[in-house]
Amino acid sequence: MKFPEFTEWKSKLAQYFDLSADLIPQAEAEQAIREGVSFRGTNILILIIAIFIASLGLNTNSTAVIIGAMLISPLMGPIIGMGLAVGIQDFELMKRSFRNLMMATCFSVATSTIYFLISPVSEGHSELLARTSPTIYDVFIGFFGGAAGILAIGSKVKGNVIPGVAIATALMPPLCTVGYGLATFQMSYFFGALFLFFINSVFIATATTVGVKLMKYHIKDFSNPVRAKRVRRWVYTIAILTMIPAAYLTYRMYRQSTFNLNCEKFVSQQFNFPDTQVLHSVAKMDGKDKTLTVSLVGKILPQDSLTLALTDKLPDYHLGGTRLRIIQGDNPAAGFDATTATSTMLRDMYQVTQNTINSQRETIDSLRLANAACARNDTIGGAIAPEIKVLFPEVADIAVTRAIVSNITTARLDTMNVVLVNYRRNMNASTAEKFRKYLEARLGVKSISIVPSDKIGVAK
């Protein structure tokens, strides 16, 4: 049974996707692609300059500079040429495109390696690190970028498609990161970035081949269909094999992202205490080994019972098997050390806190000593009174103190040990000297001044 309404709707919809009126002749599109395949003279110099610009952008972590380098680069020409060659079975063009792509890749890697060897800055920034972990999303970016590229080349309306494809597919930054990995002997950077460049190249070429088929370009070589079939099989096999590790890396990224989100949710909902706040939390997952470290500031909580109680709640947040570590202040049981806290702010705050605590301890100890000395002076008279009564009956009252003496000429301050004495009767010189030595020995001071209280107006 036929539905006229559905047929009419389908016909109108197909008009929106009809490319016949917008396409340029195949020969014209092919000519544009073939001109971009070769790397000689101006093209190779522009490529080297673009590599230097991209390396500078990665070195300074400047997104704008990297985008500029991608717009300048002619690197996509041989990749699209390979896709066109597979689609129209032009094996000579395929060999020439592959040869030029290898040459351009070698020049790019050599240029970036030389730059990073002489660059004074060797630290990897976020723009560099982003080029070392390819995922399945990079496969889709390469494929849809290549599809947009071949459609723009084969159509009359170019617009901003070609510059946009150059930015989206990002062929230059991975090659610069490959050079960075070689220059700094970091093979994880080298292989990760090289794989990302390989993904982009394969799927731009694959999308170009599919686009050529959809635009119904005529085949060049009809003489060897078996060879053409074998080439297409190799292309599709390489594309599928390239997707497998990218899909695995995407799965790992998804697991890490899910783990981080679950940890954030757990910390935000479970670590709510009136006098204690979360300073920092770090979630780490290495295979099956998962660890959540939470640093707290404020009132110290019972370490063992807190860890036990919160560990039992981890499965509710899909965090079963995760080891929970809670750090509170300077608690040795928490296993705190500077390497555990990855945050520079946390390490600095910890160090400042420890320095403040040590300084306060020294001040408290000093004040305690001073207070003890004052208390000793206040009570020492009563302690030695029985001895003085027997040894020196001439003494009626005694007061031990420490005075601050100021030199009138130099304004220099000094401390003096002073004993105020009220005598019952006069003490001869010999007995007075013995009395002075007794007080120095008994009070534990090197020198002491004995002042009769009547000399300073003390009432008897």
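1. Let's start at the surface. In this predicted model, Tyr137, Phe140, Ile141, Phe144 and Met253 make a nonpolar surface patch of about 520 Å². Helix H8, which spans residues 136–154, gives the most to the nonpolar patch, with 4 residues. Phe144 is a good place to look, as this residue lies in helix H8. Phe144 has a relative accessibility of 56% and therefore counts as exposed, since the cut-off for exposed is over 50%.

2. Next, have a look at a pair of strands. Strand E5 (residues 413–423) and strand E6 (residues 449–452) pair in the parallel sense, over 4 bridges. To find your way between them, use Val418, which stands opposite Ser449 in E6. Between E5 and E6 the chain passes through helix H15 (residues 429–443), and this β-α-β crossover is right-handed.

3. Helix H15 deserves a second visit. Thr431 lies in this helix. Is Thr431 buried or exposed? Its relative accessible area is 18%, so Thr431 is buried, the limit for buried being under 20%. Leaving aside residues up to four places away in sequence, Thr431 touches Phe392 and Glu394.

4. The same helix also holds a charged pair: the side chains of Glu433 and Arg436 meet in a salt bridge, at 2.3 Å from N to O. Glu433 and Arg436 are 3 residues apart in helix H15, so about one helical turn separates them. Glu433 is partly exposed, with a relative accessible area of 33%, and Arg436 is partly exposed too, at 25%. Elsewhere, Glu30, Arg34 and Asp90 are joined into one network by salt bridges that share partners.

5. Staying with that network, the side chains of Glu30 and Arg34 meet in a salt bridge of 3.2 Å (N to O). Both belong to helix H2 (residues 26–37), and because they are 4 residues apart, about one helical turn lies between them. Glu30 counts as buried at 5% relative accessibility, whereas Arg34 is partly exposed, with a relative accessible area of 22%.

6. One more pair is worth finding. The side chains of Lys95 and Glu92 meet in a salt bridge (3.2 Å, N to O). Lys95 and Glu92 both lie in helix H6 (residues 91–118), 3 residues apart, about one turn of the helix. Lys95 is partly exposed, with a relative accessible area of 43%, while Glu92 counts as exposed at 55% relative accessibility.

7. How many salt bridges does a search of the whole structure find? The search finds 5, among them the Glu433–Arg436 pair and the Lys95–Glu92 pair.

Technical notes
Residues are numbered from 1 along each chain as its sequence is written. This is a predicted model: local features need pLDDT of at least 70, side-chain atom pairs count only at pLDDT 80 or more; totals for chains, interfaces and linings use all residues. Side-chain values use heavy atoms; hydrogens and water are left out. Patches are made of residues with over 30% relative accessible area and no salt bridge: like charges are joined within 9 Å, nonpolar side chains (Val, Leu, Ile, Met, Phe, Trp, Tyr) within 5 Å. Accessible areas come from the Shrake-Rupley method with a 1.4 Å probe; for residues, only the protein chains shown count as cover. A salt bridge is a side-chain nitrogen of Lys or Arg within 4 Å of a carboxyl oxygen of Asp or Glu. Helices (H or I, at least four residues) and strands (E, at least two) are DSSP runs, numbered from the N terminus. Buried means under 20% relative accessible area, exposed over 50%, partly exposed in between (1.4 Å probe, protein chains only). Two strands pair if DSSP finds at least two bridges between them. A crossover is right-handed if, with the strands pointing away from the viewer, the path from the first strand over the helix to the second runs clockwise. Contact means heavy atoms within 4.5 Å.
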